[in-house]
Amino acid sequence: LGHAQLCDAIAQIVGVANVLSDPQDTERYVVDARRRYFGAALCIARPADTRQVSNVVEVCAKAGVAIVPQGGNTGMCGGATPDPDIPSVVLSLERMNRIRDLDLANGSLTVDAGCRLADVQKAADDVGRLFPLSLGSEGACQIGGNIATNAGGTAVLRYGPMRDLVLGLEAVLPDGRIWNGLRGLRKDNTGYDLKHLMIGSEGTLGVITGAVLKLFARPVTSVTALVAVGSIHGALDLLGEMRRSFGERITTFEVMSKNEYELVLDQNQTLRNPLATHANWFVFLEITDSLAAFDIRTALVEQLANADSSIGVLDAVIAETLSQAEQIWKIRHGVTEANLKAGAAVSHDTSVPVSRIADFVIASEKEIAGRFPDAGVYFVGHAGDGNIHVIAIFPRESYPDEARFSQVAGQVNAIVDEITASLGGSISAEHGIGRSNRVRLAERKDPVELEFMRRIKAMFDPQHLMNPGKVL
Ligand code: FAD
Ligand code: LAC
Ligand code: ZN
């Protein structure tokens, strides 16, 4: 099939209205959310169900044309943007947004992969349960994208990343075959687990079309606090104390450096600083419980008062109302947008053992600032998970030339990756590899693991048509 004929064949499958090729209509599918990657596609295909996905993948495979699976297009690594030099069809799951089944006794929900995360959270909430994955992009990202990137977010500390929240999967493999692994089993030891290969595969092994998700008890009490501390050590000591006293009830424990905190407040005039104190670090934490009898608020107040002298808690505010809690979380979730506005940013998604976070922060600040005095070095992250985003922000006017900036970005990456390696860490904790981090992955991953990754890719996708140029 020629390219025009291929798009006609796809229109036969999904309907003419669901094949987009006019540049006006395709723009939002071929550029990523942060406008860093600009791609091109022969067309955008918007199938309605798994059968249609399978048929579209099959005609593309026969025509030798690449498929780029796409969810909400909120990813951080250019993984959902088609390479302009490779003839590609973007396969958007956005019309596949049905809740398929609820099994309350099994604690599971079966959904189409194109359901938005916020809609899945709501579907769980509507039946008195919790689906715990929580991200700044939850209003736009899709469950299939969350699975494909093994997304993390702010509740990983308690519930784990997406990998821990999936019981079963359905996917269309690169030859068009449908794999039905929609099992709602908590235990299944029947050999190799294909599901875990698909989770985190970033669209390179197939198109995820459906999933069985785990539901949890909905918390009946929750308390949110924003705590000002003198140093990253203080924040980590607080984490240790909280863990000892609240155990798995600590749902979220996030940290932010002073300059990042101020940047978010400066860039978004609708936000107000709930604290009066200036501090070097801020902790955002949430404790939840499914038992109303345990007074977590009083326990937290006592804990923070005790931590006062031992840890150096400088100030704290505990949200009195839901709306105050929301205000606090808005500051945390305002980071991505604020950084985007602030300048030319080089961001990282490092994880290290929790015990090495302070070493990581101190070394990366010192080395980046030492080498690039015009860069601001900012930190935000999921400290409870050992996942810290270090972001170097340069004045845009310093690097009007894109090529020069990308060279500098590579140098900043190298500094961070070297420190990460020395601490036994990973260059990507939750965002993935996509297009942005392929070279860094190749440099940093164990060669044996890399070789097995390549072999697995070749076995699933011998034609290399499923999201080519991503991950490997
Ligand atoms: P897309 O961006 O559409 O795709 C991402 C990758 O998955 C691509 O490689 C794509 O090919 C593949 N893919 C998508 N759908 C499928 C499918 N159905 N089958 C196969 N492959 C597929 N991420 C975190 O982990 N933690 C955070 O805290 C976090 N916060 C964020 C905050 C903001 C404001 C923004 C904009 C993003 C944030 N992200 C975060 C990144 C992003 O939202 C997540 O990675 C999300 O999981 C991506 O989902 P998506 O549906 O938008 O996927
Ligand atoms: C965050 C996203 C960027 O933690 O992962 O804000
Ligand atoms: Zn994050």
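Which residues coordinate the zinc ion (ligand 3)? The points below address this question and then turn to ligand 1 and a sheet.

1. The structure under review is a predicted model. In it, the zinc ion (ligand 3) is coordinated by His382 and His389, each through NE2, and by Glu430 through OE. The coordination distances run from 1.9 to 2.1 Å. Along the chain, the donors of the zinc ion follow the spacing H-x6-H-x40-E.

2. The location of two of these donors deserves attention. His389 belongs to strand 19 (residues 387-394), while Glu430 sits in the loop between helix 14 (402-422) and helix 15 (438-444), so the pair ties together parts that are 41 residues apart in sequence.

3. Are His389 and Glu430 buried or exposed? His389 has a relative accessible area of 8% and is therefore buried, the cut-off being under 20%. Glu430, with a relative accessible area of 11%, is likewise buried by that cut-off.

4. Glu430 also takes part in the surroundings of ligand 1. An N or O atom in the side chain of Glu430 is 3.0 Å from a nitrogen atom of ligand 1. Glu430 thus appears both among the donors of the zinc ion and in a polar contact with ligand 1.

5. Two backbone contacts of ligand 1 may be added. A polar backbone atom of Gly75 is 2.8 Å from an oxygen atom of the ligand. A polar backbone atom of Gly153 is 3.3 Å from a nitrogen atom of ligand 1. On its own, ligand 1 has 970 Å² of accessible area, of which the protein covers 93%.

6. How is the shell around ligand 1 composed? The shell divides into 10 nonpolar, 22 polar and 2 charged residues. Of the 34 residues around ligand 1, those that come nearest are Pro69, Gly71, Thr74, Gly75 and Ser137.

7. The elements that give two or more residues to this shell are strand 3 (66-70), helix 5 (143-148) and strand 10 (207-214). Helix 5 gives the most, with 4 residues.

8. Strand 3 is also part of a sheet. This open sheet consists of 4 strands in the order 1-2-4-3, with mixed pairing. Its edge strands are strand 1 (19-20) and strand 3, each of which pairs on one side only. The pairing of strand 3 with strand 4 (residues 88-92) is parallel and extends over 5 bridges. Within it, Val68 stands opposite Val90 in strand 4. In general, strands of a sheet pair through backbone hydrogen bonds, in either the parallel or the antiparallel sense.

How values were computed: Residues are numbered from 1 along each chain as its sequence is written. Chains are lettered from A and ligands numbered from 1 in the order in which they are written. This is a predicted model: local features need pLDDT of at least 70, side-chain atom pairs count only at pLDDT 80 or more; totals for chains, interfaces and linings use all residues. Side-chain values use heavy atoms; hydrogens and water are left out. A residue is near a molecule or strand if one of its heavy atoms lies within 4 Å of it. A polar contact is a pair of N or O atoms within 3.5 Å; within protein, one must be able to donate a hydrogen and the other to accept it, and residues adjacent in sequence count only if both atoms are side-chain atoms. Accessible areas come from the Shrake-Rupley method with a 1.4 Å probe; for residues, only the protein chains shown count as cover. Ala, Val, Leu, Ile, Met, Phe, Trp, Tyr, Cys and Pro count as nonpolar, Asp, Glu, Lys and Arg as charged, and the others, Gly among them, as polar. Donors are N, O and S atoms within 2.8 Å of the metal (3.2 Å for Na, K and Ca); water is not among the atoms, so sites may look incomplete. Buried means under 20% relative accessible area, exposed over 50%, partly exposed in between (1.4 Å probe, protein chains only). Two strands pair if DSSP finds at least two bridges between them.
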